[in-house]
Amino acid sequence: MSTYALSDPTRGFMMTVRGRIQSSELAPYEPRQSQADLKDCFFYHTMNFRDGSVAQGAWDLRGRFSDYIGHVSLNGCRVLDVGTASGFLSFSAEQAGACEVVSFDQDTAKRQHLLPFAGSLYMVDHASWVRNHDHAMQAWKNAYWYTHADQVSNTKVVYGDVYDLPAGIGVFDVVILGAILEHLGDPVRAIGSVSKICTTRLVINTDYICGEEPMARFNGSPNFPDHNYIFWTYTIGTYRRILQICGFEIERIYEDVFLGTPDEFGGLRPLMPRAAIVARRVASP
C-alpha cells in the first residue's frame, strides 16, 4: 500500500475497501495474448527490449517515469493505468515496485469521440470510421502484448468504457491518467468515474492553464481538421474544483518537459511541457 498517510475523513472508506480489493479477481481481464509480430505494432511510447533493440514511439519517457507521475511512490501499491495504449506506464509502474498493475483502455473505437468536422469520415460514414479505427487500435494492443511478452510482465489488462469502468475491477491505491483527459469529450465525467475506485492518490499528467479561475479553453479549430482528437484544456483552478468535488485535494504539481514527436523540420524531437497533478484523497466517495 501507499506510504502516504490519509486524513481522518477517509478512514471509514479505507476500512471498507480492503476487502473490496479482492473483488478484482472477478474483473473481466483479457486473456494473456501471444507475442504479436513487431511489424503489426504501433508504439505510443518508445520502448527498450531485452535483446537491446528499441521501438520508437511518439513520446520518449525512458528514464523519466518518476518525473512523469510526479514522484509518487508506487512501492507495494495496486495501480490502475488509464489509457494504457502500448503500456509504457503500466510496465514502468510494475518495475517501480507496484504489487499489482492493471492496464485499462477502450475496448472499441465506438467509445472514441472526435470533433465533428463536416465531411470527415467520422461524421459521414461513422461505421466505416469505427472499422478503420478498430484496426488501428489493434496495432496499439499488439504493441502492448509484444512488450508484455518481452518483459515477462505480470500486468493485467481490462478493456471497456472509461466512463463506466467494468464491475469487479476493484479499488486502487494509485490511479494514473497519463495524457488522456485532453482526448476525451467529457474529462469531468472521466475523473469522476476513476475517482470512485481510487483510495489514496490520483495522478493526472496533462497540460493546463495557469490561474485559479474555473475556466476551460476549447482547443478545436476549423482551420485544423487533423487535430480532431484534442478537446479541452483546463485552468489549475478548474482541476482543483473538480478534484475537490470528487473528494481529493491537489497535493503538488510537478512541471517538466518530455521528448515528444519529431517535428516535420529536420526530424528534431521537441521538448514538450507537461505537468503531473498529484491529488490526495481527503473524503470518502
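**Exercise 1. The edge of the sheet**

Work out how β10 and strand β11 (residues 271–281) pair, and where β10 stands in its sheet.

*Solution.* We begin with the pair itself: β10 and strand β11 (residues 271–281) run antiparallel to each other and are joined over eleven bridges, where strands are DSSP runs of E with at least two residues, helices are runs of H or I with at least four residues, and both are numbered from the N terminus. Two strands are said to pair if DSSP finds at least two bridges between them. One place to see this pairing is glutamate 249, which stands opposite arginine 280 in β11.

Before going on, note that this is a predicted model, in which local features need pLDDT of at least 70 and side-chain atom pairs count only at pLDDT 80 or more, while totals for chains, interfaces and linings use all residues. Residues are numbered from 1 along each chain as its sequence is written, and side-chain values use heavy atoms, with hydrogens and water left out.

The next step is to place the pair in its sheet, an open one of seven strands with mixed pairing, whose order is β5-β4-β3-β6-β7-β11-β10. Its edge strands are β5 and β10 (248–259), each of which pairs on one side only. On average, neighbouring strands of this sheet are turned by 20 degrees against each other, with direction ignored; here axes are lines fitted to C-alpha atoms, for helices over the stretch in contact, and angles run from 0 to 180 degrees between N-to-C directions.

**Exercise 2. Two helices on the sheet**

Find which strands are touched by α5 and which are touched by helix α7 (residues 236–245).

*Solution.* Take α5 to begin with: this helix packs on the sheet, touching β4 and β5, and its direction makes about 170 degrees with that of β5. A contact means heavy atoms within 4.5 Å. Helix α7 also packs on the sheet, touching β7 (198–206), β10 and β11, with its direction at about 135 degrees to that of β10.

Now look at the buried side of α7, where Ile236, Gly237, Thr238, Tyr239, Ile242 and Leu243 are buried, a word that means under 20% relative accessible area (exposed is over 50%, partly exposed in between, with a 1.4 Å probe and protein chains only). The buried residues of α7 pack against α6 (187–195), β7, β9 (232–234), β10 and β11. After α7 comes glycine 247, whose phi is positive, near 90 degrees.

**Exercise 3. Strand β4 and its neighbours**

Explain why strand β4 (residues 100–106) is described as largely enclosed, and state which strands it is joined to.

*Solution.* Count the buried residues of β4: seven of its seven residues are buried, so the strand is largely enclosed by the rest of the structure. Next, follow the bridges to either neighbour. Strand β3 (residues 78–82) runs parallel to β4 and is joined to it by five bridges, with arginine 78 having glutamate 100 as its bridge partner in β4. Strand β5 (residues 156–160) is likewise parallel to β4, again through five bridges, and aspartate 105 has tyrosine 159 as its partner in β5.

Finally, trace the connection: β3, helix α3 (residues 88–95) and β4 make a right-handed β-α-β unit, meaning that, with the strands pointing away from the viewer, the path from the first strand over the helix to the second runs clockwise.

**Exercise 4. Three buried residues**

Decide for histidine 148, glycine 160 and threonine 108 where each lies and what it touches.

*Solution.* Histidine 148 is placed in helix α5 (residues 126–150) and, at 2% relative accessibility, counts as buried. Apart from neighbours within four places in sequence, histidine 148 is in contact with Arg32, Phe91, Ser153, Asn154 and Thr155.

Glycine 160 belongs to strand β5 and is buried, with a relative accessible area of 5%. Residues up to four places away aside, glycine 160 touches Phe104, Asp105, Gln106, Asp107 and Arg111. The C-alpha atoms of glycine 160 and phenylalanine 104 are separated by 7.5 Å, although the two residues are 56 apart along the chain.

Threonine 108 lies in the loop between β4 and α4 (121–124), and its relative accessible area of 17% makes it buried. Leaving out residues up to four places away in sequence, threonine 108 touches Val130, Asp134 and Met137.
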